[in-house]
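Me: I've got a model open here and would like to talk it through with you. Could you take my questions one at a time?

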Amino acid sequence: MNDQQPQPVLTSSLLGKSFVHPLFDYLLIGGGLSLLVAALVAWTSPDESQGNVQYLSMHARFAWIPVVILLSNSTHFASSTVRLYSKPGTFQALPFLTMAFPLICLLVTTLCVVYPVDLGTNLQRLYLIWSPYHYAAQAYGLAVMYSYRSGCPLSLGDKRLLRWTSMFPFFLVCLGGEGFGLYALLPESWMAQPTVQGTMMFFKKWFFPLMIFGLPIAVFVRIWVTKQKPLPLISLLVLMVNGCWWVIFTDYLQAFTLATIFHGIQYLAIVLIFHVRDQKQRPTNRHGTLYHVLWFYGVSLVLGYGLFHCLPWAYRLAGFGVVESMLLVAAAINIHHFIVDAYIWKLGKKDSNRTIVDSEQAPVFV
């Protein structure tokens, strides 16, 4: 009988401690759902080997993508702002971020729209290269969060190793393509040399895919051996899923679109968990889980629509171009989101984020 006891313990350690339910956490936060959609997109892609195949972009083949982007991506960008102003204590702890920073962002956006070539182009490049870094940092943060929540504390060396491992999808994107990454920084004539092209192709097709999928497994095994306790599988999953978009899809726009959608779903799932727990722990709370979920998501959805759809129209009515208004407003919103996130997710010892991660209470949606 005793020989059969370790099996459930090992299974529980591998599964980890969920916030809501293993199915919810692994599909939405871990990214399992995104793998199913990746298979769908790849399966429905035109087969160019058959010849005479008209190329249709993913946006043309899936008419629902703009709606999904509004419901997930636009809403998730707005949700960081809603979280900033609804999280207890942020006005006192972050007065500059809550009061002055939005006005500075609006001023910078306006200057970029006024000078789209001199300033706007650089803002757009910063946003495009910062985005995959942000996704990698979120994957790292979630991996560490689930590790601690599941009772597998990490040493400083372990966290550094996980951090570098999480960054390889970002390094792959930095190689870039036409108009971005190294291709935007280095002379076109130099990048067009056969030797350089061959080297870039080697890194894109072999080196980085090996690092993106191999390193998380190696780190997982190392921690299990050294600590005699495994990381939860969701920590491994979230690192590998973040890299799969950039490896599976050679079309940067397609990879970028899918990565942003599922990054948004992942973010909304985790931020809702933290928001609901914060609100239900208020002494004056009189509402249940569903109320807080609907309130937070509804406010984020309305704000997201206003930021991404109404604000560009305001610039258009002021006489600026359609393309400049839409692209640069989106870039500025993204950068605002990246900076706000760097502050509201700090896991200080007295921060409510820390208490939720370490909590031994029942999952928030039970």
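What follows is a run of questions and replies about this predicted model.

Me: Let's start with the overall make-up: how many helices and how many strands are in the protein chain?
Reply: The chain has 366 residues, and 45% of them count as buried. Among contacts between residues at least 6 apart in sequence, 75% join residues at least 24 apart. As for the elements, the tally is 18 helices and zero strands.

Me: Which element has the lowest mean pLDDT, and which the highest?
Reply: Across the protein chain the average pLDDT is 85, and 84% of the residues score at least 70. At the bottom of the ranking, with a mean of 55, sits helix H4 (residues 58-61), and at the top, with 96, is helix H16 (residues 289-317).

Me: Where does pLDDT stay under 50, with five contacts beyond four places in sequence?
Reply: There's a stretch at 359-366 with pLDDT below 50, but that one has 26 contacts in the model beyond near neighbours in sequence. Where pLDDT is low, the predicted coordinates should not be read in detail. The stretch you're asking about, with its five contacts, is residues 49-55.

Me: On to H9: how wide is the arc that its buried residues cover around the axis?
Reply: Helix H9 runs over residues 156-166, and its buried residues are Asp158, Leu162, Thr165 and Ser166. These four sit on the same side of H9, because the arc they cover around the axis is only 95°.

Me: And which exposed residues are on the face of H9 turned away from its buried side?
Reply: An α-helix has 3.6 residues a turn, so residues three or four places apart point the same way. The buried side of H9 is covered by, among others, helices H8 (116-149), H10 (168-175), H13 (194-227) and H14 (233-248). The face turned away from that side carries Leu156, Arg160 and Trp164.

Me: Is methionine 167 buried or exposed?
Reply: Methionine 167 is found in the loop between H9 and H10. Leaving aside residues up to four places away in sequence, methionine 167 touches Tyr133, Ala136 and Ala137. Its relative accessibility is 6%, and the cut-off for burial is under 20%. So methionine 167 counts as buried.

Me: What separates the C-alpha atoms of methionine 167 and tyrosine 135?
Reply: Along the chain, methionine 167 and tyrosine 135 are 32 residues apart. In the model, the separation of their C-alpha atoms is 9.1 Å.

Me: Which element gives the largest share of the lining of the largest cavity?
Reply: The count comes to two cavities of 30 Å³ or more, and the largest has a volume of about 180 Å³. Its lining has 18 residues, with Val241, Trp245, Phe262, His263 and Gln266 nearest the centre. Two or more lining residues come from each of helix H2 (22-29), helix H3 (32-43), H8, H14 and helix H15 (252-280). The largest share, five residues, comes from H15.

Me: Last one: what is the relative accessible area of histidine 275?
Reply: Histidine 275 is found in helix H15. Not counting residues up to four places away in sequence, histidine 275 touches Arg83, Ser86, His292, Trp295 and Phe296. Histidine 275 is buried, and its relative accessible area is 1%.

Methods: Residues are numbered from 1 along each chain as its sequence is written. This is a predicted model: local features need pLDDT of at least 70, side-chain atom pairs count only at pLDDT 80 or more; totals for chains, interfaces and linings use all residues. Side-chain values use heavy atoms; hydrogens and water are left out. Buried means under 20% relative accessible area, exposed over 50%, partly exposed in between (1.4 Å probe, protein chains only). The arc is that of the directions from the helix axis to the C-beta atoms. Contact means heavy atoms within 4.5 Å. pLDDT is the predictor's confidence in each residue, from 0 to 100. On a 1 Å grid over the protein atoms alone, a cavity is a set of points where a 1.4 Å probe fits but cannot get out, and a pocket is an open set with protein on both sides within 12 Å along at least five of seven lines; lining residues have an atom within 4 Å of a point. Grid points are joined across faces, edges and corners, and a volume is the space filled by probe spheres set on the points.
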